[in-house]
Amino acid sequence: MMNTVEIKNLTKTFGKITALDNFSLNIEKGKITGLIGADGAGKTTLLRTIIGLLIPDKGKISTLGFNPVTQKNELTPHIGYMPQKFGLYEDLTVIENLTLYADLKNVPHNFEKMLEFTKLAPFQDRLAGALSGGMKQKLGLACTLLGNPEFLLLDEPSVGVDPISRRDLMQMVREMINPETTVLWSTAYLDEAHSFDTAVVIDKGKVIYEGRPHDLAPTPQEFENKVIELMGGYKQEPSKIAENYEYGIPSHPNPRPQGARGNIYTVEADNLEKKYGNFYAVKNNSFCIQKGEIFGLLGPNGAGKSTSFKMMCGLAKPTGGTARIMGVDITKDPEKARSNLGYMAQKFSLYGTLTVRENLEFFASAYGIKFKNRAAKVQEIIEVFGLKDFAEQKSEELPLGLKQRLSMACALIHNPPVLFLDEPTSGVDVITRRDFWNHITSLAKKGVTILVTTHFMDEAEYCDRISLFYKGETIALGTPQELKDKAGASTMEETFITLIKESEGDNGK
């Protein structure tokens with residue numbers, strides 16, 4: 001059998017939404033096929049239909065020679081499936097999770113090679129819930145690989161994972177599977193396309209490109225541009241978000257020190273430190289950000305970026321040092337400091353059972369917008385962020401791209417002069433990412449100070465300056481070009497990997 005999967009004229013709808021639209025595709029045996037598309041393009045629906053977790057409305061599908069609708073029980077033992085939110089047991093250790101999944105699959109407890117390859121051997125007694133994002137994904141993939149499945153389906157395994165861990169995951173798949181194993185890997189990261197033997201790009205439930213990624217474009221950046229063309233192109237428009245943006249609380253009680261541009265430092269980290277027992281999550285972290293500057297905080301999963309964010313927002317108490325927002329010490333007057341700040345958390349942190357409008361009303365109240373002005377402000381932000389058609393929908397029912405847009409709307413509803421964005425574009429498609437950065441750069445031009453973390457290395461190019469963070473400490477600081485020059489690299493991804501590996505070498509001396 002040359003094809004692991006054969007799909008013809010498949011249609012799947014959810015109410016008025018057509019997830020797969022007369023969809024046809026063959027997936028070749030023994031190849032790694034990348035399923036690339038925007039949030040809501042139909043990737044997860046396709047994967048779940050291929051293995052019989054969803055029943056199509058019409059069309060034909062064959063998976064490993066089985067009909068997944070009528071022969072699901074016969075098909076399942078041949079498959080390894082890693083859903084977006086893989087079911088690790090966070091209160092079990094690494095080794096206990098592996099043991100549990102081995103028992104469920106009725107396979108031997110031979111984990112030595114797996115633990116060595118994933119570099120999880122030193123952490124096998126650590127609770128899964130205490131692992132970094134990249135380590136969790138490696139453990140999830142390890143559990144999925146147990147039993148050497150004939151067909152491996154991975155639903156966005158690299159979402160929210162740093163570039164080094166993303167490369168590790170692909171290497172893990174290539175080196176630990178049987179050569180005859182077929183892999184279907186879904187992703188919203190277009191720069192991953194050239195890692196696959198075959199790329200299948202889908203948009204609105206239809207295939208818009210199928211073939212070798214190099215046949216469409218020779219480099220990841222050109223591939224991204226070609227896909228955007230196929231999706232109808234990206235038309236950058238003036239940011240409505242920034243159009244009439246005026247600070248709600250622009251005062252700065254301490255007008256010093258001056259930055260190189262003559263601007264005051266609106267955000268300052270002063271020897272920030274966070275210690276858990278003998279472990280430093282953040283150590284001696286210091287930097288200053290000028291008014292209107294986009295400052296990027298980059299680093300691998302577990303480097304301490306989110307911990308720094310939480311301390312600077314007053315959500316976690318520093319073990320040592322402090323932070324100042326608009327000159328206000330976050331440890332001495334956290335409420336006043338936070339009033340100048342908009343914060344968009346890494347994980348969707350809104351209230352899922354509340355509607356879009358209700359979430360905005362809640363945050364307007366929490367940020368101190370007066371009752372008489374609240375309804376008008378909420379309606380204004382709904383219009384500006386293009387949320388009118390979803391205003392009465394529960395936020396948990398929104399696709400990821402809209403959830404991120406709503407999160408940013410809530411962070412900006414009080415027009416803060418400082419904005420903290422913790423991986424704001426994680427998991428969203430390329431066009432949504434470009435829209436986000438259009439808004440971010442437009443806000444910076446209006447004088448908003450922005451601190452942002454990201455795992456998309458092309459996004460780092462938008463930053464005025466970058467602090468590269470590793471093991472709780474800054475290992476490099478400068479403009480994107482200065483960091484590339486330091487690493488002797490042409491891209492930010494190469495720069496990231498080179499400087500991290502150099503730091504590891506220094507630490508090993």
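Four strands of this predicted model form an open sheet in the order 11-10-13-14, and the pairing within it is antiparallel. Strand 11 (279–290) and strand 14 (328–329) stand at the edges with a single partner strand each, so that one side of each is left without a neighbour in the sheet. Further in, strand 10, which covers residues 265–276, pairs with strand 13, residues 320–325, in the antiparallel sense over 5 bridges. One position to look for in this pair is valine 267, whose bridge partner in strand 13 is isoleucine 325. When following the side chains here, it helps to recall that in a regular strand they alternate between the two faces of the sheet.

A second set of pairings can be traced from strand 1, residues 3–14, which is joined by 8 bridges to strand 2, residues 17–28, with the two strands running antiparallel. Within this pairing, leucine 10 has phenylalanine 23 of strand 2 as its bridge partner. The two strands form a hairpin with 2 residues between them, and glycine 15, which lies in the turn, has a positive phi of about 65°. Strand 1 also pairs with strand 4 (residues 58–63), again in the antiparallel sense, and this pairing runs over 5 bridges. Here lysine 8 has lysine 60 of strand 4 as its bridge partner.

Helix 1, which spans residues 43–50, is mostly covered, since 6 of its 8 residues are buried. The buried residues of this helix are Lys43, Thr45, Leu46, Leu47, Thr49 and Ile50. Just after helix 1 comes glycine 52, which takes a positive phi of about 85°.

The backbone deserves attention at two lysines as well. Most residues other than glycine have a negative phi. Lysine 119, however, has a phi near 60°, a positive value in a residue other than glycine, and this lysine is found in the loop between helix 4 (112–118) and helix 5 (133–145). Because its relative accessibility is 58%, and exposed means over 50%, lysine 119 counts as exposed. Lysine 204 likewise has a positive phi, near 50°, in a residue other than glycine, and it lies in the loop between strand 8 (198–203) and strand 9 (206–211). With a relative accessibility of 65%, lysine 204 also counts as exposed.

Stepping back to the whole chain, the secondary structure of the protein comes to 18 helices and 19 strands. For its 509 residues, a compact globule would have a radius of gyration near 23 Å, and the protein's value of 24 Å agrees with this. Taken along the principal axes, the C-alpha atoms fill a box of roughly 70 × 55 × 45 Å. Buried residues make up 54% of the 509 residues, and among the contacts with a separation of 6 or more, 69% are accounted for by residues 24 or more positions apart.

The outer face of the protein can be described in similar terms. Its accessible surface comes to about 22,800 Å², of which 48% belongs to carbon and sulfur atoms. As for charge, the protein has 59 positive and 63 negative charges, and the mean positions of the two groups are 4 Å apart.

Notes. Residues numbered from 1 in each chain as written. Predicted model: local features only at pLDDT ≥ 70, side-chain atom pairs only at ≥ 80, totals over all residues. Heavy atoms only, no water. Rg over C-alpha atoms; globule rule 2.2 N^0.38 Å. Buried < 20%, exposed > 50% of the residue type's maximum accessible area, 1.4 Å probe, protein only. Contact = heavy atoms within 4.5 Å. Areas by Shrake-Rupley, 256 points an atom, 1.4 Å probe, with all protein chains shown as cover. Lys, Arg positive; Asp, Glu negative; His and termini not counted. Charge placed at Lys NZ, Arg CZ, Asp CG, Glu CD. Pairing = 2+ DSSP bridges.
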